[in-house]
Amino acid sequence: MAQLKTKRSCKLLCQTNSPSCKLSCSQLFQPLLSIILVSSIASSAVAETETGVLTITDANWTVTMDGEWMIKFVAPWCPACAQLKEQWERFSSLAAAMGVSVGEVDVTEQPGLSGRFLVTTLPTIFHVKEGSVRRYVSVREAEEFHAYVSNRRWEEVEPLPSWKSPTSPLMSCMAGLFRLSLWIRWTHGYLTGDLGMPVWGSYLSFAMATLVTGLLMGLVLVLVADCLCPSRQKRKEERAGVCVSMAEKRQASEADEGEGSNEEEPETLRQRRGQAKCTS
């Protein structure tokens, strides 16, 4: 209440254009604002240094392909992931001295990354070195993580093949499928929860959408196949046209040969008559 009265009195004095009041107000609130700003910056810096874990998303996951990283995939509902949290934060403080970045992926928020890295169990940990991805399968403790990196134990593990690499086209398609599954789940929840649609109605809607999409894709595939590979009827017509043209050419050549033989016929008759006279 006292602070409120001070503000009101200060406002009344300012309306009277008193320079002393303007000076007192600025002197009163400027230190307060500076204290709030400094405290907010300090709290954010402390939060960053305490954890040292970078949240990996679909927007920034490509940064993990540069340098050396240790990345874990977790979910809020996973008990084993909750047990790993303390050890992972301890390891992040140790990894900073080695120049190793530590990341974390929430699969419930980033389903595309779980499909891109083909995560099937939780928690899953990967070691990434200049784009070469290896799965960590040892003990999940901070000291073991540190020894795995410092002693270069990751060299004993075979990296993922090129077709399973997060940057491969196949894994990009898998990421799209996982994102589609999340969208379907969200849409189902919206239809049944927000709109009040019954569950069978939501399933029927997805069935009709799947049917229409399949028909459209089938039509497109038929048109593409018909353009690239003509049907048998078109092939028969083309072959028939070729045969007719060849027959016409043959008839024309035979007619030309017949005309030539008719021109030569009188000469042969004369030769035969001359031979008959000689014999007589």
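Helices and strands are named here as DSSP runs, a helix (H or I) having at least four residues and a strand (E) at least two, with numbering from the N terminus. The model shown in every view is a predicted one.

**View 1. The overall fold of the predicted model combines 8 helices with 5 strands.** Followed along the sequence, these elements occur in the pattern α-α-β-β-α-β-α-β-β-α-α-α-α. The protein has 280 residues, of which 23% count as buried. Among contacts with a separation of 6 or more, 65% come from residues that are 24 or more positions apart.

**View 2. The five strands are arranged as an open sheet of mixed pairing, in the order β1-β3-β2-β4-β5.** The edges of the sheet are formed by β1 (54-55) and β5 (132-136), each of which pairs on one side only. Strands of a sheet pair through backbone hydrogen bonds, in either a parallel or an antiparallel sense. The parallel sense is found between β2 (residues 68-74) and β3 (residues 101-106), which are joined over 6 bridges, and in this pair Ile 71 stands opposite Gly 103 of β3. Helix α3 (residues 79-98) packs on the sheet, where it touches β2, β3 and β4 (124-129), and the direction of α3 makes about 165° with that of β2.

**View 3. Strands β4 and β5 form a hairpin, with 2 residues between them.** The two strands pair in the antiparallel sense over 5 bridges, and His 127 stands opposite Arg 134 in β5. Glu 130 is placed in the loop between β4 and β5, and it has a positive phi of about 50° although it is not a glycine. Most residues other than glycine have a negative phi. Because its relative accessibility is 55%, and exposed means over 50%, Glu 130 counts as exposed.

**View 4. The loop between α4 (111-116) and β4 contains Pro 123, and Leu 118 also lies in this loop.** The peptide bond that joins Leu 122 and Pro 123 is cis, with omega at about -10°. Most peptide bonds are trans. Leu 118 has a phi near 55°, which is a positive value in a residue other than glycine. With a relative accessible area of 31%, Leu 118 is partly exposed.

**View 5. Leu 84, a residue of helix α3, counts as buried because its relative accessibility is 4%.** When its neighbours within four places in sequence are left aside, Leu 84 is in contact with Lys 72, Pro 123, Ile 125, Arg 140 and Phe 145. Pro 123, one of these partners, is the residue that follows the cis peptide bond from Leu 122 in the preceding view. Leu 84 and Ala 142 are 58 residues apart along the chain, and their C-alpha atoms are separated by 9.3 Å.

**View 6. Helix α5 (residues 142-150) lies across β2, β4 and β5 and runs at about 145° to β5.** The buried residues in this helix are Ala 142, Phe 145, Ala 147, Tyr 148 and Val 149. These buried residues of α5 pack against β2, α3, β4 and β5, and Phe 145 is among the contacts of Leu 84. An α-helix has 3.6 residues a turn, so residues three or four places apart point the same way. Just after α5, Arg 152 takes a positive phi of about 55°.

**View 7. Helix α6 (residues 169-194) and helix α7 (residues 199-228) have axes that come within 9 Å and cross at roughly 135°.** Two packed helices are described by the angle between their axes and the distance between the axes. At the crossing angle of roughly 135°, α6 and α7 are therefore oblique to each other. The crossing of the two helices is right-handed. On the side of α6 the contact is made by Ile 184, Thr 187, His 188, Leu 191 and Thr 192, and on the side of α7 by Val 199, Ser 202, Tyr 203 and Phe 206. By class, this contact of α6 with α7 has 5 nonpolar and 4 polar residues, with no charged residues.

Note on methods: Residues are numbered from 1 along each chain as its sequence is written. This is a predicted model: local features need pLDDT of at least 70, side-chain atom pairs count only at pLDDT 80 or more; totals for chains, interfaces and linings use all residues. Side-chain values use heavy atoms; hydrogens and water are left out. Axes are lines fitted to C-alpha atoms, for helices over the stretch in contact, and angles run from 0 to 180 degrees between N-to-C directions. Angles under 35 degrees count as roughly parallel, over 145 as roughly antiparallel, 65 to 115 as roughly perpendicular and the rest as oblique. A crossing is left-handed if the near helix is turned anticlockwise from the far one by less than a right angle, and right-handed if clockwise. Contact means heavy atoms within 4.5 Å. Ala, Val, Leu, Ile, Met, Phe, Trp, Tyr, Cys and Pro count as nonpolar, Asp, Glu, Lys and Arg as charged, and the others, Gly among them, as polar. Two strands pair if DSSP finds at least two bridges between them. Buried means under 20% relative accessible area, exposed over 50%, partly exposed in between (1.4 Å probe, protein chains only).
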